[in-house]
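Trainee: Could you pick one chain and walk me through it slowly? I'd like a close look, and then some help seeing how it fits with its surroundings.

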Amino acid sequence: MSTTVSAAPAAGVDERLGRAAQAPRQEPKWNLTTVGFLLPAGLFVGLFIVYPVIATVIRSFFNRAGDSFVGFGNYGQVFSDGRTLHALQNNIIWVVIFPAAVTGLGVLFAVLLERVPYRLLIRTLLFMPMAVSLLASGVIWRIMYQQSPDTGALNAVIASVANAITHPGHYTGAAPSQPDLVQAVGDGYQLNQSLAPGDVAHVGLIRFPVAEIPASARPAQDPAPQPGKIVGVVWRDFKPGGGGQVGQVDPGESGLPDMTVQLVDPKGVVAAQTQSDATGDFAFGNLNGGSYFLVLPAQNFHPPFGGVQWLGSSLVTPAIILAAIWVWVGFATVTIGAGLATMSRDLLEAARVDGATEWQVFRRVTVPLLSPLMIVVFITLVINVLKIFDLVLAIAPQSVIPDANVIALQLFLVAFTGLGDFGIGSAIAVFLFLLVIPVMGFNIRRFRGGEA
Amino acid sequence: MGTRALEIVRPRRPTWVRLAENVPIHVFFIVAGILWAIPAIGLLVTSLRPVDLFNVSGWWTAFGAPHQLSLANYHSLFASSLIAGSFVNSVLIAVPATVIPVVLATMAAYAFTWLNFPGRTALFLLLIALMVVPLQMALIPIAQVYAVFGPPGIVRVFLFHAAFAVPYATFLFRNFFLGIPHELLESARMDGARDARIFTSLILPLAFPAIASFAVFQFLWVWNDLLVGLVFAGNTPPVTVAILQQMRNFGSSVDVISAASFLSLIPPLLLFFAFQRYFVQGLLAGSVKG
Amino acid sequence: MKGRSALRALVLGVVGAVVLTACGTGSTTPSGKPLAGKKVEIAAVWSKDEQKNFEAVLAAFSDKTGATATFTSTGDKIGTVLGSRIASNSPPDVAVLPQPGLLHDLAVKGSLKELDSATASLVSQNYAAVWKDLGTVNGKFYGVFYKAANKSTVWYNVKAFGQAGVTPPKSIDDATRVLTTLAASGVKPLSIGGADGWTLTDWFENVYLRLAGPDKYDALTKHTIKWTDDSVKATLRVLAALFQDQLIAGGRSGALQTDFPTSVSNIAGNPPKAAIVYEGDFVEGILTGTAHMTPITDFNFFPFPDINGSPPSVMGGGDVVVRFTDNPAAVELVKYLASPEAAQIWAAKGGFSSANKKVDLSVYPDPIAKASAQALVNAQVFRFDMSDQAPAAFGGTTGSGEWADLQAWLKAPNNIDAATAQLEKDAAAAYGS
């Protein structure tokens, strides 16, 4: 890339630092010029970073009021409080899934982009989420994750597939008005008592939205028995305005048309099937005597796909991780792509000429050559994921924040909202700090190694 | 190995064959392109629809019913001083938070590169160590310091951001300065120029690409920040905080939220397209900072 | 910003004090009105429409007495503003406090003047006894409840009730039957805005007040009994029986994703997503405003049902008038605000309820406002929103304390012991006991 700044973050340390700093001729000494150049930055860094690091460590050993020394008490709290533990647990999920997923996708995108002419377009598109705030990305995904398939784009896509596979029935959510006479069979219903020709079946249903009744429906009537036939009615056993009797076809109660009705013989074999008419009536003729069970099969009641509750307690963390992946894949792609661009074409071509398949080239040549860069990307992502905050706050609805919580957010909640406990807040901050210390050591080692 | 010679021997396949071979890859990128573009389009369209519709129908229905779309949400956004004011606050925070570390860090980097003083390496190592300190480490003590002094919210926020940019910026600039030929500096010194003059008239102009990379990154970092604003901004919130305050009632305030969010994307995206090269460099180098 | 507004308040206060002193030494002006030429400053949180309406009340006071009353809007940080003005020894003459806790704090600090016997007897005549008690601290009477809010109102879709053939329930047992019938008719009975923790605390408080009674309510408010008390558990059991998945639009997990305004608009629409939503009298504004519904024909309310024959009870809020000075115009103003005339002026303009029994109910602009005010007047038991009186860390912070604990409980409502244990833990931390 450019001659100025290395494209590779190299965990913050550029290789060129390895060159020994140029040695001016003067003896090393502090003079006014040196002080003048360093003091302003030193003041800011001292006041806003060095002092707070020390102060936070000290503060973490004092109670909420800050007036009594509690030793490791706050740390004990951090690791015993249910909410903080849940946050820690979520952070572990984040660390396990997120950096690996993003690095992997980054490699995949970068390698495949090498093979298409419009790579700049895709790379720009992938990278754009990195430019905007995590809060705005959170808003974007909160809109995508709306639960109703009518309003949430993601669920709308899933719904169009799901509803094509399981056709929703006419009467979703319907339940029998006389549960003691009817048993549930899967998602359908079956009358407890068997029927013989000449009998009349009554199946009253309630609890489904009136809007589900087709416009063709007419008021139900109690059908008269017919010799040699099993007849019956399915109707909405609820009189609008109230006052009807349960189990009885009252005037004004609507028949339920287009209901699939089956007769099942005692062996469980479907003997006959029909559809109810506009008044909810149905009839089975040509029966060979014997007894049958009346079944309203599940297909009448299949609910349409109601939408995955992405932002409910159980899925909220994976949903936020997915959004985070969307944000960060561009970073991994561009970084690894930059590394790929500097890679020797000859080596790849040589491998291809030697008869290696594309997969072998990828596995044996590309990945080993890219691995230092992949490690850097991975570490960068780990650091960032430990501090993840904005996305969680933006995507998780208030009531599921405890389920989506992460330590950086818990720090904020403990220290700056509610009771405002700076003691425990400091302990969480120190814990966070300890987690990034290995990276600090790594940076220093690399710098010194280069300098030496 | 003579690979190049071999390559010539290898028969070149016609373009259409290569295109056809890559069909799965093209499909892959079409899907990816859609996955990355759609959510953002969803935000834009949502911001153009009335809030009543949000809980009734999806934003994509607007493509079949363009009469749903209007700029009404943006009008009402600017009618209320709350959000409009927060954009001003964001600018007032992001500009000094960018300028201050540029000044401080170029100076410090100059000293670390071309002035020789005892403890130089140790101090620089400290700086490298401080680069990854999470800013969460400083929130509580600084909040306590601020509670005593109590300057207005905007100052609190940009001072904090400025300070946390210094280690990384110094590192970045020193890195760049190391690439400037030493002879250039020596000849200036021979001519009797003092360090202050060399710094302002020789080094700073040369350092423009590095400064631009850093400035673009830092401006966006601050513009996009939520946490520091949330803790320190008080009643002069930057736009991210102002949006978050609306988010308690997401479903019924989505008109304000989506419109403000979309507007908040515009400055970063403009910078992104205008300074893409600097942007990517700055971002890649800065992504490890605390 | 905060510093600046405090400074402004201070300057205003000093100027006000100087003006008052100047007036106090002057002789009575030659006018028929007793207080002509006198000035009085009154501070309240109101702004915009509320300020305009209240200024109309003050104008009537001026017409009547000749004194000039000026209004100062404090914004929602009234405690801070008053505190700094008291500290600089220049409080407003009169203030209207939105929280009873503030009245208590200021009275204990000795900042408030005990109200005169004329005002006290006026309040005894015009208000139910509970209101006078609420304005009394340590046996001294300090505050007149000028404005009140009713948070024991349950709102319903009239057509959905008609479809199901049900009428508003009087008791909680009635309510259970109504909910079941509504469900049978094919509409989800309840809409709950559980994404906002305070809607759950309001539910809890209404049931608790009726089930455990006002004494326990006060004790729990002060945290002199624990949240692990049996009365709390019994209340959560009553709520758990109501909050069944099949009775709630979207089920319990859907309720936790629903914010308050959305929960209200759920009962609008044809067909509505739910038939009933519970919250305070401010729901009316949302239903007529954003939901475009017509009172009485489209929606109505009924008082929160009784439990085990509990007396008519209202949980709500109120704005209490207190006095910081003995300025005669201030004395007269507080007395005036205890009168039915003062309440009727604002009541007629809407967005206002009074607990004053003498207020002519016909002045309320619509039947719903009238009925809601009537419930306030008739309440034998009135209690303030408990969570408003608790330390903010417990009763008023999103994502922590009571709000979060009740949300967690709603996810598994039969897990009552765990919920009360967590509530007690958070309460103990927040109350510092």
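Mentor: Sure, and let's start with a word we'll need: two residues are in contact if their C-beta atoms, placed from the backbone, lie within 7 Å. Keep in mind that what you're looking at is a predicted model. I'm picking chain B. If you look at the contacts in chain B with a separation of 6 or more, 77% of them join residues that are 24 or more positions apart along the sequence.

Now for what chain B is built from. You'll find 16 helices in it and zero strands. Its radius of gyration is 25 Å, and the globule rule gives 19 Å for 290 residues, so chain B is more spread out than a compact globule. You can check that by eye: along the principal axes, its C-alpha trace spans about 80 × 75 × 30 Å. Spread out or not, 51% of the 290 residues in chain B are buried. A residue counts as buried if 20 or more other C-beta atoms lie within 10 Å of its own.

Let's zoom in on one helix, α9 of chain B, which runs over residues 153-177. Those 25 residues reach 35 Å from the first C-alpha to the last, close to the 36 Å expected at 1.5 Å a residue. Follow the helix along and you'll come to a bend of about 40 degrees at V166(B). A proline, P167(B), follows within four residues of that point. So is α9(B) mostly covered or mostly exposed? It's mostly covered, with 24 of its 25 residues buried.

Next, zoom out to where chain B meets chain A. That contact takes 95 residues from chain B and 92 residues from chain A. On the chain A side, helix α1 (residues 32-59) gives the most, with 16 residues. Sort the residues on that side of chain A by class and you get 63 nonpolar, 17 polar and 12 charged.

Since chain A is the partner here, it's worth giving it the treatment we gave chain B. Chain A has 13 helices, and along with them come nine strands. A compact globule of 452 residues would have a radius of gyration near 22 Å, but for chain A the value is 34 Å. The box its C-alpha atoms fill, taken along the principal axes, is roughly 120 × 75 × 35 Å. Of its 452 residues, 43% count as buried. As for contacts with a separation of 6 or more in chain A, 74% are between residues 24 or more positions apart.

One last thing to try on chain A is to colour it by domain. The assignment gives domain 1 (32-58), domain 2 (62-145 + 311-451) and domain 3 (175-300). Notice that domain 2 is written as two stretches of sequence. Now find domain 1 and domain 3 of chain A: their C-alpha centres lie 82 Å apart.

To pull the picture together, come back to chain B. You have a chain with 16 helices and zero strands, a bent helix α9(B) that is mostly covered, and 95 residues that take part in the contact with chain A.

How values were computed
Residues are numbered from 1 along each chain as its sequence is written. Chains are lettered from A and ligands numbered from 1 in the order in which they are written. This is a predicted model: local features need pLDDT of at least 70, side-chain atom pairs count only at pLDDT 80 or more; totals for chains, interfaces and linings use all residues. Helices (H or I, at least four residues) and strands (E, at least two) are DSSP runs, numbered from the N terminus. The radius of gyration is taken over C-alpha atoms; the globule rule is 2.2 Å times the number of residues to the power 0.38. A residue is buried if 20 or more other C-beta atoms lie within 10 Å of its own, exposed if 12 or fewer, and partly exposed in between; C-beta atoms are placed from the backbone. Ala, Val, Leu, Ile, Met, Phe, Trp, Tyr, Cys and Pro count as nonpolar, Asp, Glu, Lys and Arg as charged, and the others, Gly among them, as polar. The expected span of a helix is 1.5 Å times one less than its number of residues. The bend at a residue is the angle between axes fitted to the seven residues ending there and the seven starting there. Domain bounds come from an automatic or database domain assignment.
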